[in-house]
Amino acid sequence: MAQHLIDNLILDLEELRRLSEGTQRTRVQQILSIDIRKLETDLQHQKELLAAKDKEQSSGETSKPPAPVPGDVKRYRIELKEYAWDQSDKFIKIFVTVNEVQQVPEENVNVEFTANSFNVMVSNLNNKDYVFTVNHLLNEIDPAKSYRKVKSDMVAIYLAKSRPTKWAHLTVTAKRLQDMKDERVSKSTKDTETDPSSGLMKIMQQLYDGGDPETKRMINKAWHESQNKKTEMKNDSFAFDE
């Protein structure tokens, strides 16, 4: 039974590798690469389990029921959204919240870098796989000099800048959103009858409906920041009235 499962995993890996070699889309390559690593991990566990079982049988010891392995239990994939970022002259520093990430082996935390994107994969953390992807970075990075560190409840990603340029935004998407917001507000000041918040909301809704995950993440972040600012202003107003 175990050998049959190993044979199937090998066939699945060969098929995924052929698909990965034939695709040209960066995001598709990233998804296939994640699935390949997952299957490779499952295959290694199955081989170790089979080797341990054969050793017990050859020594005449009573074999115990096999412990659950990743291949036996379905793992759920969760897309991470909470992060913060900062920068220095040489690096863009991104901090992604992943509770208990320090408990998994180092090899379970992988980051793939390209010139304008990166993808974080945390495998088999409490029977879940965590993914964080950012595409369309504002400027190019140097993948060879970029790296990551695992900290307590956090993965820190260090993107090596190709040029020592100060980034106003993390992604092209964030810059476009800010440019559209600034343009809309600028136009609205010329017409006192125009409701700038209403027009801006329509634009953001259109972008959200047709946007990729990064666009939606940036719009959600902008919305929450706006609402928090309104709440703070209202509280300050109440305090003044008192």
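**Exercise 1.** In this predicted model, consider the open sheet of 4 strands that has mixed pairing, and work out in which order its strands lie and which of them stand at the edges.

*Solution.* Begin with the order, which reads β1-β6-β5-β4 across this open sheet of mixed pairing. Next, look at the two ends of that order: β1 (76-79) and β4 (109-113) each have a single partner strand, and therefore one side of each is left without a neighbour in the sheet. Finally, consider how the strands turn relative to one another, where the twist averages 20° from one strand to the next.

**Exercise 2.** Determine how many bridges join strand β5 to strand β6, and which residue of β6 is the bridge partner of Val120.

*Solution.* Locate the strands first, with β5 covering residues 118-125 and β6 covering residues 128-134; they run antiparallel and are joined by 6 bridges. Then follow Val120 across to β6, where its bridge partner is Phe132.

**Exercise 3.** Turn to the open sheet whose pairing is antiparallel, and establish the order of its 4 strands and why one side of each edge strand lacks a neighbour.

*Solution.* The 4 strands follow one another as β2-β3-β8-β7, with antiparallel pairing. The edge positions belong to β2 (83-87) and β7 (147-151), and because each has a single partner strand, one side of each remains without a neighbour in the sheet. From one strand to the next, the twist in this sheet averages 20°.

**Exercise 4.** Describe the pairing of β7 with β8, and identify which residue of β8 stands opposite Val150.

*Solution.* The pairing of β7 with strand β8, residues 154-160, is antiparallel and extends over 5 bridges. Within β8, the residue that stands opposite Val150 is Val155.

How values were computed. Residues numbered from 1 in each chain as written. Predicted model: local features only at pLDDT ≥ 70, side-chain atom pairs only at ≥ 80, totals over all residues. Heavy atoms only, no water. Pairing = 2+ DSSP bridges. Axes fitted to C-alpha atoms, helices over the stretch in contact; angles between N-to-C directions.
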